[in-house]
Amino acid sequence: MIRNSLRITTCALTAVLAFSAFGMRAEAASILPSGGVGLTIGTGTKLETIATEVKKADVQIENIVKTVDKSLLETVAVAAQEPTEEDTFRNLVIAQVNDYINIRSLPGEDGEVLGKLYDDSVGTYISEENGWYQIKSGSVTGFVKAEYCVTGEEAVELAKEVGTRIATVTTTTLKVRTQPSLEASVMGLVPIEDQLVVGEEQEGWVQVDIEEGMGWVSAEYVELHTEFREAESKEEEKARLEKEAEERRRANAAAAASQKKKSKTTTTYVATGDSEMGKEVANYALQFVGNPYVYGGTSLTKGADCSGFVMKVYENFGVSLPHSSAADRKQGYAVDGIENAQPGDLVCYSGHVALYIGDGQIVHASSSKTGIIVSNVNYKKVLAVRRIF
């Protein structure tokens, strides 16, 4: 459109000048505005000179249009770029409190409490009013006191600490390699929908944490996102507590109704803790220490993988769990920190799940090299602890 309007202006001027060849007389100089290009026609100028000047002006206008087009395209290209992860972090509001802050319906203490934003939990910034941030977090939109939160540049670095970068597997069986190359040896296999903690990201490759250690997977076969804890509404908190109570009741009823298998154990490990049912689960699991690890397996004697092992142990007590370490992170109800764990609790890691047995130890189907073993609970970063009973 810019090019066309400039051409029309030039052509119109040429037509006016052509008329002057037939006796029309210019009483004053005419100026062609063209982004810095000026064409001045004085009285008595010859037609040949006018035509030459117009042609020169047209060439200059062409160059200006090309520059404008290029600049416009570059501007559009920059605007079209998706924001980086760091850009999105600047718009976060992150709670920094001992426990939680209330989310209110109005920017003041007299506003109705709509939900809770827990420590290190995040919301998305909407606006600021009288020392209060309006945010959206989870299903809750409301106001939190600004003095208990950080946002902007402060939130960028903090988000990297409180958030967990996750790679979700999108292919049936994902090969994890020792180096970011198809020529590198395979160090482990991961099933579809498993969720792995990300270490580094390179072009086309993602470093992930699996039971065998840190390895590399093709970025083509995973979906990446940063996982944050979000707010909980009053209704969600009530529903969660009711659900947890019901799940505890059902699990205990299933365990009481299930006929326990009695088997002699030779292991030197003994489950300790306050939960009698949890200790039964842990002690039952301990008798299979030394048995093999088998990818995709669900046999406690012939071989199981991590989630298959946990699933089969709990099946003995009448409780049905999924064959997925990612899904196990949503079973039962949350335990606040490993320091509050009891025997029988599920301990969830990056792409892995284990059973807590007490005294800071877990039993788990570790890898094809080690089989079912007992390890220290903090041998790698704990993502979640879930209680079934």
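## Cysteines, pockets and selected residues

A search of the whole structure finds zero disulfides. The structure is a predicted model. Why is Cys 306 not bonded to Cys 348? The sulfur of Cys 306 lies 9.5 Å from the sulfur of Cys 348, its closest cysteine sulfur, so the gap is too far for a bond. A disulfide would need the two sulfur atoms within 2.5 Å. The view from Cys 348 gives the matching result: its closest cysteine sulfur is that of Cys 306, at 9.5 Å, again too far for a bond. Cys 306 is buried, with 8% relative accessible area. Cys 348 is buried too, at 0%.

### Overall make-up

The protein has 389 residues, and 42% of them count as buried. It holds eight helices and 25 strands. Take the contacts with a sequence separation of 6 or more: 58% of them join residues 24 or more positions apart.

### The pockets

The largest pocket holds about 1,800 Å³ of space. Its lining has 36 residues; Arg 229, Ala 334, Leu 383, Ala 384 and Arg 386 are the closest to the pocket centre. Three elements give two or more residues to this lining: α4 (153–162), α5 (234–257) and β25 (384–387). Helix α5 supplies the largest share, six residues. By type, the lining of the largest pocket has 18 charged, twelve nonpolar and six polar residues.

The second largest pocket holds about 510 Å³ of space. Here 27 residues form the lining, and those closest to the centre are Leu 189, Val 190, Pro 191, Tyr 293 and Tyr 295. The elements that give two or more residues to the lining of the second largest pocket are β12 (186–191), α7 (306–315) and β23 (361–367). Which element gives the most to the lining of the second largest pocket? Strand β12 does, with five residues. By type, this lining has eleven polar, ten nonpolar and six charged residues.

### Helix α7 and Ser 307

Helix α7 is mostly covered, with eight of its ten residues buried. The buried ones are Cys 306, Ser 307, Gly 308, Phe 309, Val 310, Met 311, Val 313 and Tyr 314.

Ser 307 sits in this helix. Is Ser 307 buried or exposed? It is buried, with a relative accessible area of 4%. Which backbone atom does the Ser 307 side chain reach? It reaches the backbone nitrogen of Ser 324, at 3.4 Å. Leaving out residues up to four places away in sequence, Ser 307 touches Pro 322, His 323, Ser 324, Ser 325, Asp 328 and Val 353.

### Trp 205

Trp 205 belongs to strand β14, residues 205–210. At 14% relative accessibility, Trp 205 counts as buried. The cut-off for buried is under 20%, so Trp 205 falls inside that class.

With residues up to four places away set aside, Trp 205 has two runs of sequence among its contacts. One list holds Arg 177, Gln 179, Pro 180, Ser 181 and Leu 182, and the other holds Trp 216, Val 217, Ser 218 and Ala 219. The side chain of Trp 205 also reaches the backbone oxygen of Pro 180, at 3.5 Å. Ser 181 lies 24 residues from Trp 205 along the chain, and their C-alpha atoms are separated by 8.3 Å.

### Two loop residues with positive phi

Most residues other than glycine have a negative phi. Asp 120 departs from this, with a positive phi of about 70 degrees. Asp 120 sits in the loop between β5 (113–118) and β6 (122–129). Glu 193 also has a positive phi, near 70 degrees, and is not a glycine. Glu 193 lies in the loop between β12 and β13 (195–202).

How exposed is each residue discussed here? The table gives the values.

| Residue | Relative accessibility | Class |
|---|---|---|
| Cys 306 | 8% | buried |
| Cys 348 | 0% | buried |
| Trp 205 | 14% | buried |
| Ser 307 | 4% | buried |
| Asp 120 | 30% | partly exposed |
| Glu 193 | 55% | exposed |

Methods
Residues are numbered from 1 along each chain as its sequence is written. This is a predicted model: local features need pLDDT of at least 70, side-chain atom pairs count only at pLDDT 80 or more; totals for chains, interfaces and linings use all residues. Side-chain values use heavy atoms; hydrogens and water are left out. On a 1 Å grid over the protein atoms alone, a cavity is a set of points where a 1.4 Å probe fits but cannot get out, and a pocket is an open set with protein on both sides within 12 Å along at least five of seven lines; lining residues have an atom within 4 Å of a point. Grid points are joined across faces, edges and corners, and a volume is the space filled by probe spheres set on the points. Helices (H or I, at least four residues) and strands (E, at least two) are DSSP runs, numbered from the N terminus. Ala, Val, Leu, Ile, Met, Phe, Trp, Tyr, Cys and Pro count as nonpolar, Asp, Glu, Lys and Arg as charged, and the others, Gly among them, as polar. Buried means under 20% relative accessible area, exposed over 50%, partly exposed in between (1.4 Å probe, protein chains only). Contact means heavy atoms within 4.5 Å. A polar contact is a pair of N or O atoms within 3.5 Å; within protein, one must be able to donate a hydrogen and the other to accept it, and residues adjacent in sequence count only if both atoms are side-chain atoms.
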